[in-house]
Amino acid sequence: MVHQLVYYSRNTVEGGDRAMLTNLREIVSASQRNNSRDGITGFLIFDKTWFVQILEGEKLKVTDTYNRIARDSRHSSATIMNVRDVEARLFPNWTMGGAMRTPEAQEVYLQHGIGGAIEPTRLKSTQVIDLALDLQAFELSKRQGQRLTA
Ligand SMILES: Cc1cc2nc3c(=O)[nH]c(=O)nc-3n(C[C@H](O)[C@H](O)[C@H](O)COP(=O)(O)O)c2cc1C
């Protein structure tokens, strides 16, 4: 069984797109280092106001990782939406691909009824998972397309 945790938090990174990008780079590099060590995978969705993240792995590792993330000053009010055990990982990589609101990715958000900002306080964890699964599939198809045409 794989432990799965879904949470949202308020993005407190200030200073516009440049600051956001710098912070995201730091989050990504720390995540790649720690998550590969800890067997954690998942998906990170974000905009200027919110982060929504899914973490999957061993229960203890997921809990430790979440507790470490929750203390991060780049966000606040981290709120767990759901924890459960799943048969197998739904997100076998750690990725935030497709989380960027490119015009192509926007199509996926629209399919889930999210035209504007993400409103995690109004979403159920199952809606978050469904959106993340479609963003993951979108990202994969994009990469395969690139490989084929390369
Ligand atoms: C929204 C958000 C998501 C994060 N996701 C992860 C993650 O999946 N894994 C991780 O190790 N750190 C993540 N971090 C970073 C941690 O809060 C923390 O800075 C990092 O784990 C510290 O790593 P270090 O002790 O190796 O420097 C995240 C931070 C934020 C703000």
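**The ligand and its pocket**

Me: In this predicted model, how do the residues of the shell around the ligand divide into nonpolar, polar and charged?
Reply: The shell around the ligand holds residues of each of these kinds. In this shell 17 residues surround the ligand. They divide into seven nonpolar, six polar and four charged.

Me: Which element gives the largest share of the shell around the ligand?
Reply: Three elements, α1, β3 and α2, each supply at least two residues of this shell. The largest share is six residues, and the element they come from is α1.

Me: What space does the ligand take?
Reply: About 330 Å³ of space lies in the largest pocket. Its lining has 18 residues, with Ile 27, Ser 31, Ile 69, Asp 72 and Arg 74 nearest the centre. The space taken by the ligand is this one, the largest pocket.

Me: How far is a polar side-chain atom of Arg 68 from an oxygen atom of the ligand?
Reply: Arg 68 is among the closest residues to the ligand, as are Arg 33, Asn 34, Asn 35 and Asp 72. A polar contact is a pair of N or O atoms within 3.5 Å. For Asn 34 the distance from a side-chain N or O atom to a ligand oxygen is 3.0 Å, and for Arg 74 such a distance is 3.1 Å. For Arg 68 the distance is 2.6 Å.

Me: What percentage of the area that the ligand exposes when taken alone does the protein bury?
Reply: Taken alone, the ligand exposes 620 Å². Of that area, the part buried by the protein is 81%.

Definitions and conventions. Residues numbered from 1 in each chain as written. Predicted model: local features only at pLDDT ≥ 70, side-chain atom pairs only at ≥ 80, totals over all residues. Heavy atoms only, no water. 1 Å grid on protein atoms, 1.4 Å probe; cavity = no way out; pocket = protein on both sides within 12 Å on 5 of 7 lines; lining within 4 Å. Points joined across faces, edges and corners; volume = space filled by probe spheres on them. Near = heavy atom within 4 Å. Polar contact = N/O pair within 3.5 Å; in protein donor to acceptor, adjacent residues only side chain to side chain. Areas by Shrake-Rupley, 256 points an atom, 1.4 Å probe, with all protein chains shown as cover. Sits in = over half its atoms within 2 Å of the grid points. Helix = DSSP H or I, 4+ residues; strand = E, 2+ residues; numbered from the N terminus. Nonpolar A, V, L, I, M, F, W, Y, C, P; charged D, E, K, R; others polar.
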